[in-house]
Amino acid sequence: MCRNITTLRGLEPRATAEEIEAAARQYVRKVSGVTSLSADTGPAFEKAVGLVAQATTELLSDRPARRRPPPTVPPLRRRPAATG
């Protein structure tokens with residue numbers, strides 16, 4: 001499940017709050033099945049993103065350093081594709 005969520009533990013420099021929130025959004029989007037927010041789904045979705053991001057931050061800070069970096073670079077660290 002959630003194969004597209006990139007491993008954040010072991011990044012140098014450490015995962016940013018923005019990267020953690022992006023991963024939390026992907027996770028909540030996947031498990032909830034919500035593809036677009038509405039007045040009905042928005043508040044619960046945003047609350048879940050905040051809780052998952054908080055839990056992820058705590059998890060990453062409690063884990064020991066990795067011996068090797070993760071195999072893929074998070075999307076927010078990838079270079080934009082050249083155009084033209």
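Is Glu 21 buried, partly exposed or exposed? In this predicted model, Glu 21 counts as partly exposed, because its relative accessibility is 34% and the partly exposed class lies between the limits of 20% and 50%. The surroundings of this residue are described below, after an account of the chain as a whole.

The secondary structure of the chain consists of 2 helices and 0 strands. Along its principal axes, the C-alpha trace spans about 45 × 45 × 20 Å. The accessible surface of the chain comes to about 6,600 Å², and carbon and sulfur atoms account for 53% of it. Of the 84 residues in the chain, 21% are buried. Among contacts with a separation of 6 or more, 71% are made by residues 24 or more positions apart.

Helix 1 comprises 16 residues, from residue 17 to residue 32. At 1.5 Å a residue, a helix of this number of residues should span 22 Å, and the end C-alpha atoms of helix 1 are 22 Å apart, so the two values agree. The buried residues in helix 1 are Glu 19, Ile 20, Ala 23, Ala 24 and Val 28. These residues cover an arc of only 165 degrees around the axis, which places them on the same side of helix 1. The cover over the buried residues of helix 1 includes helix 2. After helix 1 comes Gly 33, which has a positive phi, near 75 degrees.

Helix 2 comprises 21 residues, running from residue 42 to residue 62. The expected span at 1.5 Å a residue is 30 Å, and the end C-alpha atoms of helix 2 are 30 Å apart, in agreement with that expectation. Gly 42, Phe 45, Val 49, Ala 53 and Leu 60 are buried in helix 2. Viewed down the axis of helix 2, these buried residues fall within an arc of 70 degrees, and they therefore line one face of the helix. The buried residues of helix 2 pack against helix 1. On the face of helix 2 turned away from the buried side are the exposed residues Pro 43, Ala 44, Lys 47 and Asp 62.

Salt bridges in the model number 3. One of them joins the side chains of Arg 77 and Glu 19, at 2.6 Å from N to O. Because Arg 77 lies in the segment after helix 2 and Glu 19 lies in helix 1, this pair ties together parts that are 58 residues apart in sequence. The two partners belong to separate accessibility classes: Glu 19 is buried, with a relative accessible area of 5%, whereas Arg 77 is partly exposed, with a relative accessible area of 26%. Apart from its neighbours within four places in sequence, Glu 19 is in contact with Leu 8, Leu 11, Arg 14, Pro 74, Leu 76 and Arg 77.

Glu 21, the residue considered at the outset, forms a salt bridge with Arg 25 through their side chains, at 3.1 Å from N to O. Glu 21 and Arg 25 both lie in helix 1, where they are 4 residues apart, about one turn of the helix. Arg 25 is partly exposed, with a relative accessible area of 22%. Arg 25 also forms a salt bridge with Glu 46, the closest N and O atoms of the two residues being 2.7 Å apart. This second pair links distant parts of the chain, since Glu 46 lies in helix 2 and Arg 25 in helix 1, 21 residues apart. Glu 46 is partly exposed, with a relative accessible area of 35%. Through salt bridges that share partners, Glu 21, Arg 25 and Glu 46 are joined into one network.

The segment before helix 1 contains Thr 6. Thr 6 counts as buried because its relative accessibility is 11%, and the buried class lies under 20%. Leaving aside neighbours within four places in sequence, Thr 6 is in contact with Thr 72, Val 73, Pro 74, Pro 75 and Arg 78. Pro 74 is thus listed among the contacts of Thr 6 and also among those of Glu 19.

Notes:
Residues numbered from 1 in each chain as written. Predicted model: local features only at pLDDT ≥ 70, side-chain atom pairs only at ≥ 80, totals over all residues. Heavy atoms only, no water. Expected span 1.5 Å × (residues − 1). Buried < 20%, exposed > 50% of the residue type's maximum accessible area, 1.4 Å probe, protein only. Arc of directions from axis to C-beta. Contact = heavy atoms within 4.5 Å. Areas by Shrake-Rupley, 256 points an atom, 1.4 Å probe, with all protein chains shown as cover. Salt bridge = Lys/Arg side-chain N within 4 Å of Asp/Glu carboxyl O.
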